[in-house]
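Okay, thanks for making time, everyone. I'd like to walk you through a structure that will be new to most of you, so have a look at it first and then we'll go piece by piece.

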Amino acid sequence: MSAATPVLEVKGLKKHFPIRAGLFQRVVGQVYAVDGISFSMNAGETLGLVGESGCGKSTAGKSIIKLIDPTAGEVRLNGRRIDGLQRGEMRPVRRELQFVFQDPYSSLNQRLTAGAIVAEPLRNFTDDRAARRRERVAELFRKVGLRPEQMDRYPHEFSGGQRQRIGIARALAPNPSVIICDEPVSALDVSVQAQVINLLEDLQRELGLAYLFIAHDLAVVEHISDRVAVMYLGRIVELAEKRALFAQPLHPYTEALLSAVPVPDPKTRRKRIILKGDVPSPSRPPSGCHFHTRCPYAEARCRSEPPALRETSPGRHVACHLR
């Protein structure tokens, strides 16, 4: 693969969930959880995917890895299209594309030891004998900051941060090129969050991993990401290099989102932008720009014509008629 080829490329990805009602459970509507998002990632890059709860970011991650089947769109991994692959065809692909879940407790099998959990991908994807697998698991435990003698313990015997380290070790086991991290630190204490974030950064530098980092904590996203994509109601409204986006957001939603981030310096004051109204239902999204019902700058065109995500400057994309 050449350096210019994206390791992960997503085009027009959609995931719609049917709404059923009545005696015969007929489809009476759709929930537009992900409504046509596009982006690409290079090897060794971290792309942050942010937005309010319910914007579709976790559904996007699960659709990319086919934990749920996408409704439409294309997903390419190392140049190979994977969105239409069947379960058996996806098996070798999963070696390259792994997932770290939000809840470090429910994502682990409580009946297996930590060592058996981490060894499971090795049993699935390699022909290594049991002794070699155990050596590899011990190596992974050391790599994520755990001790090999902890391999025979069960998940309930670990702290939340340690359990997330087990989840990371499991994702690393098959030597992937891309890891989708679905809010991997949101369930952890702040001090433990920093440890896990630093671990992810160290592993990325050592192994050349690409991360799709899904989160709602903008401080964490600013720390770990190279670029940031902002989602609102199933669509990406802005995509930019991290420093440019945090210094000068172009989309009104991004502007409001960043205004809510606490400033650590008590002498610095930030103008807080309060959006009016509630987030519309994804089963009945507004016509035109989905944000127009809450946007202070909305014009007549915004109510009828959906803005395309277009490049306004090199590496800077925004979906707004006013930019």
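So, let's start with strand 1 and strand 2: strand 2 covers residues 26-41, and the two run antiparallel, joined by twelve bridges. If you want a spot to find on your screen, look for lysine 15, which sits opposite valine 34 in strand 2. The two strands make a hairpin, with four residues between them. In that turn you'll find glycine 22, whose phi is positive, at about 85 degrees. I should say right away that this is a predicted model.

What does strand 1 pair with besides that? Strand 1, residues 8-21, also has five bridges to strand 4, residues 72-77, and that pair is antiparallel too. Lysine 14 is the one to click on here, with alanine 72 of strand 4 across from it. Strand 4 in turn pairs with strand 5, again antiparallel, over two bridges. There, leucine 77 faces arginine 80 in strand 5.

Put that together and you get an open sheet of four strands in the order 2-1-4-5, with antiparallel pairing. Its edges are strand 2 and strand 5, residues 80-81, each of which pairs on one side only. Helix 1 packs on this sheet, where it touches strand 1, strand 2 and strand 4. The direction of helix 1 makes about 110 degrees with that of strand 1.

Now keep your eye on helix 1, residues 57-64, as it takes us to the other sheet. Helix 1 also lies across strand 3, strand 6, strand 7, strand 8 and strand 9, at about 150 degrees to strand 8. 

How many strands does that other sheet have, and in what order? There are eight, in an open sheet that reads 6-7-8-3-9-10-12-11, and the pairing is mixed. Strand 6 and strand 11, residues 310-313, have a single partner strand each, so one side of each has no neighbour in the sheet. Ignoring direction, neighbouring strands here are turned by 25 degrees against each other on average.

For a parallel example, go to strand 6 and strand 7, residues 178-182, which are paired over four bridges. Glutamine 98 is opposite isoleucine 179 of strand 7. There's another helix to find on this sheet: helix 9, residues 252-259, lies across strand 3, strand 9 and strand 10, at about 105 degrees to strand 9.

Okay, helices against helices. Which residues do helix 3 and helix 4 use to touch each other? From helix 3 it's Ala114, Gly115, Val118, Ala119, Leu122 and Arg123, and they meet Arg133, Arg136, Val137, Leu140 and Phe141 of helix 4. By class, the residues of that contact are seven nonpolar, one polar and three charged. The axes of helix 3, residues 114-125, and helix 4, residues 130-143, come within 9 Å and cross at roughly 115 degrees. That crossing is right-handed.

Helix 3 turns up again at the largest pocket, which has a volume of about 520 Å³. Of the 19 residues lining this pocket, Arg94, Gln98, Pro121, Asn124 and Arg170 lie nearest its centre. You've already met Gln98, the residue opposite isoleucine 179. Strand 6, helix 3 and helix 5, residues 160-172, are the elements that give two or more residues to the lining. Helix 3 has the largest share, with five residues. The lining as a whole has ten nonpolar, five polar and four charged residues.

The second largest pocket is at about 230 Å³. It has 15 lining residues, and Gly36, Arg235, Ile236, Pro307 and Ala319 are the closest to its centre. And here we come back to our hairpin, as strand 2 supplies the largest share of this lining, four residues. Strand 10, residues 235-241, is also in there with at least two.

Last stop: is there any enclosed space, and where? A search of the whole structure turns up one cavity of 30 Å³ or more, and it holds about 70 Å³. Among its lining residues are Cys289, Cys295, Cys302 and Cys320, along with His251, His292 and His321. Pro307 and Ala319 line the cavity as well, and those two are also among the residues closest to the centre of the second largest pocket. By class, the cavity lining is nine nonpolar, three polar and no charged.

How values were computed: Residues numbered from 1 in each chain as written. Predicted model: local features only at pLDDT ≥ 70, side-chain atom pairs only at ≥ 80, totals over all residues. Heavy atoms only, no water. Pairing = 2+ DSSP bridges. Axes fitted to C-alpha atoms, helices over the stretch in contact; angles between N-to-C directions. Left-handed = near helix turned anticlockwise from the far one by under 90°. Contact = heavy atoms within 4.5 Å. Nonpolar A, V, L, I, M, F, W, Y, C, P; charged D, E, K, R; others polar. 1 Å grid on protein atoms, 1.4 Å probe; cavity = no way out; pocket = protein on both sides within 12 Å on 5 of 7 lines; lining within 4 Å. Points joined across faces, edges and corners; volume = space filled by probe spheres on them.
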